[in-house]
Amino acid sequence: MSKFISITGLFFGLMGAFSAFSQTNPLVDNIVTHTIAVQIPAVGLVNVIGTQDVNLTLNNPAEAGLGLSNTISDSSFWLNYSFIKGGGTRPYNHVYAKIVNGVIPLGISLSVYAKPYQGSGLGLFGTPTGKVLLNYNEARVVENISSCFTGVGPGNGHQLVYQLQLIPNAYHLLDYEQPQQLSVMYTISD
Amino acid sequence: MELTCGDYLLIMLRIFTSLLAFLTLFICVYAQDATEANNNVSIDIPEVAIMDVESEGSPSISLVVQAPSEAGNMIDLTAAVDSSLWLNYSSVRSQAVESSRAIYAKVISGSVPSGLRLRVKPQPYSGSGDGNLGLPSNGINGRILVATDRKIIRNIKTCYTGDGAGNGHRLIYSLEFRNNKYNKLDFDESNTVTVLYTITDT
């Protein structure tokens with residue numbers, strides 16, 4: 001009897017297999033997914049590009065009896081920068097300037113300001129803070145820079161304007177044997 | 001003598017088995033003797049619409065944007081490209097029910113970082129398959145991927161691409177800038193995006 005059952009079982013098994021083979025439901029493995037990691041780098045670069053060094057000389061008096069006068073120079077230097085913000089971690093950066101080498105001659109002050117942005121870049125550029133005195137502490141020259149790039153070279157970014165000014169009540173300290181060469185460093189940071 | 005249920009079952013089984021043996025014998029004898037034979041052969045072709053994304057490496061890819069090396073330059077998207085993935089599919093269609101099939105793609109989780117767009121360019125079919133294979137649905141331009149379905153491959157009829165990398169449609173992923181949205185770029189939005197492909201009737 002066990003033989004009969006096993007033969008019958010085989011029969012039904014074959015029927016089942018045939019039935020499964022002839023099923024017409026579609027194969028429905030019709031979707032697939034995969035992942036793409038998109039990585040954006042943090043960027044904060046600044047440079048000053050110019051064609052020649054800035055030479056500043058107080059203006060000679062036009063007539064005897066007058067004093068030396070302030071001088072101002074649209075330098076050939078342009079501030080270029082590239083920045084990518086981190087919306088949650090550092091939404092803005094600023095450009096700072098300070099003297100890193102040399103001494104300003106006695107009796108005068110040196111200041112700088114950045115002109116409004118122009119050039120071939122894109123993004124949200126910084127805003128010039130106006131005229132700032134240069135010394136050994138960082139002074140903010142351009143502020144609230146968001147993701148942008150200024151373009152490279154003169155004509156792109158913010159042109160820098162330097163100014164020599166007589167310090168009031170310090171005229172007696174002026175000394176023509178005290179020419180100085182200064183280095184000014186620009187940094188971009190928060 | 002009363003027969004139990006088990007006895008009935010046994011008898012039924014014996015009758016059935018005998019019948020089966022008899023029929024088998026009859027068919028054998030008939031087959032031997034006949035000079036002509038008709039038998040019905042049932043051929044069923046299954047409907048098929050399956051798809052996969054294959055790669056020689058991992059199917060999880062990365063698009064890495066390069067920082068500029070010089071102040072004033074923009075970030076560089078030229079290296080944020082991947083062409084390691086291949087779309088494989090097998091399709092058996094019914095001419096009466098669906099004229100052709102198409103493959104759609106969309107972003108289902110994560111979001112493409114602000115200021116950027118994600119483009120996929122399926123390349124024309126190449127590989128070891130056969131049949132009426134599909135065509136890139138927007139030529140060489142491909143499609144920008146967004147959260148709703150964009151048609152990637154069109155006019156898939158009955159065909160198979162072959163299996164694995166090197167078969168089917170190579171997928172070229174790239175990033176591009178959104179017009180005038182450079183200010184939206186944000187490295188905190190570095191993100192993982194999941195793309196879903198669907199093969200479906202058109």
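**Reading a two-chain model**

Modeller: Let's start with chain B, which has 1 helix and 12 strands; helices (H or I, at least four residues) and strands (E, at least two) are DSSP runs, numbered from the N terminus. This is a predicted model, where local features need pLDDT of at least 70, side-chain atom pairs count only at pLDDT 80 or more, and totals for chains, interfaces and linings use all residues. Residues are numbered from 1 along each chain as its sequence is written, and chains are lettered from A and ligands numbered from 1 in the order in which they are written.

Biologist: In what pattern does chain B run along the sequence?

Modeller: Chain B reads α-β-β-β-β-β-β-β-β-β-β-β-β.

Biologist: How do I read the side of chain B that touches chain A?

Modeller: Start from contacts: two residues are in contact if their C-beta atoms, placed from the backbone, lie within 7 Å. Here 57 residues of chain B are in contact with 49 residues of chain A. On that side of chain B, β12(B) gives the most, with 10 residues. The residues there divide into 34 nonpolar, 14 polar and 9 charged. In that split, Ala, Val, Leu, Ile, Met, Phe, Trp, Tyr, Cys and Pro count as nonpolar, Asp, Glu, Lys and Arg as charged, and the others, Gly among them, as polar.

Biologist: And how do I read strand pairing?

Modeller: Strands of a sheet pair through backbone hydrogen bonds, either parallel or antiparallel. Two strands pair if DSSP finds at least two bridges between them. Across the chains, 8 bridges join β1 of chain A (residues 31-39) to β12(B), and these strands run antiparallel. One spot to look at is A:Thr33, whose bridge partner in β12(B) is B:Leu196.

Biologist: Which strands sit at the edges of the open sheet in chain A?

Modeller: That sheet has 4 strands in the order β7-β9-β4-β12, with antiparallel pairing. Its edges are β7 (127-128) and β12 (183-189) of chain A, each pairing on one side only. At the β7(A) end, A:Thr127 stands opposite A:Glu143 in β9(A).

Biologist: What about the nonpolar core?

Modeller: In soluble globular proteins, nonpolar side chains tend to be buried together. A nonpolar core is a set of buried Ala, Val, Leu, Ile, Met, Phe, Trp, Tyr and Cys residues joined through C-beta atoms within 7 Å. Buried means 20 or more other C-beta atoms within 10 Å of a residue's own (exposed: 12 or fewer; partly exposed: in between), with C-beta atoms placed from the backbone. The largest core has 70 residues, and those with the most contacts inside it are A:Leu79, A:Tyr81, A:Val95 and B:Ile103. Strand β3 of chain A (residues 71-84) supplies the largest share, 6 residues.
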